[in-house]
Each structure stands twice: as structure tokens, then as C-alpha cells.
Amino acid sequence: STAAQNAQPQAPEKLVAGIKKNHRGEVKYTEGLEHTAAYLKKHASQFDVVITMGAGDIWKIADMALTS
């Protein structure tokens, strides 16, 4: 058994809370591709740094957020 197999899954909200403890900028959790893309369209500005974490089709968020 490997360490990865023994690791307990972390809830996204718990991960965000941990990041907020050590980061001065805004950290936001959103759920779902469409909701996240809509949030970015509304709130992200030029020169903002957006980092997405996930698996599978998470890459689609950038395409969705950058198209009108």
C-alpha cells in the first residue's frame, strides 16, 4: 500500500481554508465548470492570476471563461 492510497481525501473547502491561512490574496472555491467559468467572467480582471485544481476536464474552464 502506498502513501497515496492511504491518504484521506480533503474536502475542497478545507483545502481553501488552509491556503487562506498562508496567502494574502483572494482565494475562492467554486463548484462545477459552468459556475466557475461564469464567476471568472464576472470577477477576473486583466493581470489576475487564476489557478484551477482538479481532474478530468478542468482545462475546459479556461476556454469557457475566455469566450463570450
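This report describes the fold, helix 3 and its surroundings, and the exposed loop that follows helix 3, in a predicted model.

**Overall composition**

The protein chain contains four helices and zero strands, giving the pattern α-α-α-α when read along the sequence. Its length is 68 residues, of which 13% count as buried. The chain exposes about 6000 Å², with carbon and sulfur atoms supplying 55% of that area. Where residues at least 6 apart in sequence are in contact, 50% of those contacts join residues at least 24 apart.

**Helix 3**

Helix 3 spans residues 33-43. Which of its residues are buried? They are Leu 33, Thr 36, Ala 37 and Leu 40. Viewed down the axis of helix 3, these buried residues fall within an arc of 100°, so they line one face of the helix. This arrangement can be read against a general property of such helices: an α-helix has 3.6 residues a turn, so residues three or four places apart point the same way. On the face turned away from the buried side, helix 3 carries the exposed residues Glu 34 and Lys 42. The cover over the buried residues of helix 3 includes helix 4, which runs over residues 60-66.

Leu 40 is part of helix 3. With neighbours within four places in sequence left aside, the contacts of Leu 40 are Val 50, Ile 61 and Ala 65. Leu 40 and Ala 65 are 25 residues apart in sequence, and their C-alpha atoms are 6.1 Å apart in space. Leu 40 counts as buried because its relative accessible area, 17%, is under 20%.

Thr 36 also lies in helix 3. Not counting residues up to four places away in sequence, Thr 36 touches Thr 30, Glu 31 and Ile 61. Ile 61 is thus among the contacts of Leu 40 and among those of Thr 36.

**The loop before helix 3**

Thr 30 sits in the loop between helix 2 (12-21) and helix 3. What does the side chain of Thr 30 make a polar contact with? The partner is the side chain of Thr 36, at 2.5 Å. Beyond its neighbours within four places in sequence, Thr 30 is in contact with His 35, Thr 36 and Tyr 39.

**The loop after helix 3**

Phe 47 and Val 49 are placed in the loop between helix 3 and helix 4. Phe 47 has a positive phi of about 80°, although this residue is not a glycine. Is Phe 47 buried or exposed? Phe 47 counts as exposed because its relative accessibility of 74% is over 50%. Val 49, at 71% relative accessibility, counts as exposed too.

Val 49 belongs to a nonpolar patch on the surface, formed with Leu 15, Ile 19, Ile 51 and Met 53. Together these residues have about 550 Å² of accessible area.

**Relative accessibility of selected residues**

| Residue | Place | Relative accessibility | Class |
|---|---|---|---|
| Thr 30 | loop between helix 2 and helix 3 | 17% | buried |
| Thr 36 | helix 3 | 10% | buried |
| Leu 40 | helix 3 | 17% | buried |
| Phe 47 | loop between helix 3 and helix 4 | 74% | exposed |
| Val 49 | loop between helix 3 and helix 4 | 71% | exposed |

Methods: Residues numbered from 1 in each chain as written. Predicted model: local features only at pLDDT ≥ 70, side-chain atom pairs only at ≥ 80, totals over all residues. Heavy atoms only, no water. Helix = DSSP H or I, 4+ residues; strand = E, 2+ residues; numbered from the N terminus. Buried < 20%, exposed > 50% of the residue type's maximum accessible area, 1.4 Å probe, protein only. Contact = heavy atoms within 4.5 Å. Areas by Shrake-Rupley, 256 points an atom, 1.4 Å probe, with all protein chains shown as cover. Polar contact = N/O pair within 3.5 Å; in protein donor to acceptor, adjacent residues only side chain to side chain. Arc of directions from axis to C-beta. Patch = residues over 30% accessible without salt bridge, like charges linked within 9 Å, V, L, I, M, F, W, Y side chains within 5 Å. Salt bridge = Lys/Arg side-chain N within 4 Å of Asp/Glu carboxyl O.
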